[in-house]
Amino acid sequence: MMKKQLVAALILIVGCTTAQPPAPPSEFKNLQVLPRTITRDQLLATMRGFTRGLGVRCNHCHVVTATEPKEVLDFPADTKEEKRVARVMLRMVTEINGTWMHRVEEAEGEAEAAASAPAEPRVVCWTCHRGKTEPEMPPPPEARQGS
């Protein structure tokens, strides 16, 4: 149950606008992380979240097969490394939200509230990426003088 709620919440947060509409849910091909029962609207919302979180367009992860008269993308293709990395990152975010955030809440004494509350993701692409393909690293710590 918690996994379904997490996936639904991620779908609302994440997504990508497409030049061609994806196939109906029964025809989506090569879904490896997203649920096979995902609807077209949920898939689009998910992809839009990805594009906002990383500041990219669909062709960042999906192979472009034509540009004229309009851009055509091969959504099922696994050719691009960015798509493979996105799957790993999505699995990581799912694990953090599904397992680790509960452990943090439990350690903070909020286990009862966490168990009864709907599972809303606390970590999404935007959490680290902030609209960039590579998360920005903090500056190095200042060197102490006179140690």
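In this predicted model, the side chain of asparagine 97 reaches the backbone of arginine 122: one of its polar atoms sits 2.8 Å from the backbone nitrogen of that residue. Asparagine 97 belongs to helix H3, which covers residues 81-107. Its relative accessible area is just 6%, so asparagine 97 counts as buried, the cut-off for that label being under 20%.

Arginine 122 turns up again in a salt bridge, this time with glutamate 105, and here the closest N and O atoms are 2.7 Å apart. Why does this pair tie together parts that are 17 residues apart in sequence? Glutamate 105 lies in helix H3, whereas arginine 122 is in the loop between helix H4 (111-116) and helix H5 (125-129), so the bridge links the helix to that loop. The two partners also sit in unlike surroundings: glutamate 105 is buried, with a relative accessible area of 15%, while arginine 122, at 48%, is partly exposed. Arginine 122 thus takes part in two contacts described here, one through its backbone nitrogen with asparagine 97 and one as the salt-bridge partner of glutamate 105.

Salt bridges that share partners also join Asp78, Lys83 and Arg87 into one network. As background, side chains of opposite charge can pair when their charged atoms come close. How many salt bridges does the structure hold? The count is four, and among them are the two that build this network around aspartate 78. One runs from aspartate 78 to lysine 83, with 3.7 Å between the closest N and O atoms. The other brings aspartate 78 together with the side chain of arginine 87, at 2.8 Å from N to O.

Are the members of this network buried or partly exposed? Lysine 83 is buried, at 9% relative accessibility, and arginine 87 is buried too, with a relative accessible area of 11%. Aspartate 78, the partner they share, is partly exposed, its relative accessible area being 28%.

Away from these charged pairs, there is threonine 65, which is part of strand S1 (residues 63-66). With a relative accessible area of 52%, threonine 65 is exposed, because that label applies to anything over 50%. Which residues does threonine 65 touch, leaving aside those up to four places away in sequence? Its contacts are Val72, Leu73 and Asp74.

How values were computed:
Residues are numbered from 1 along each chain as its sequence is written. This is a predicted model: local features need pLDDT of at least 70, side-chain atom pairs count only at pLDDT 80 or more; totals for chains, interfaces and linings use all residues. Side-chain values use heavy atoms; hydrogens and water are left out. Helices (H or I, at least four residues) and strands (E, at least two) are DSSP runs, numbered from the N terminus. Buried means under 20% relative accessible area, exposed over 50%, partly exposed in between (1.4 Å probe, protein chains only). A polar contact is a pair of N or O atoms within 3.5 Å; within protein, one must be able to donate a hydrogen and the other to accept it, and residues adjacent in sequence count only if both atoms are side-chain atoms. Contact means heavy atoms within 4.5 Å.
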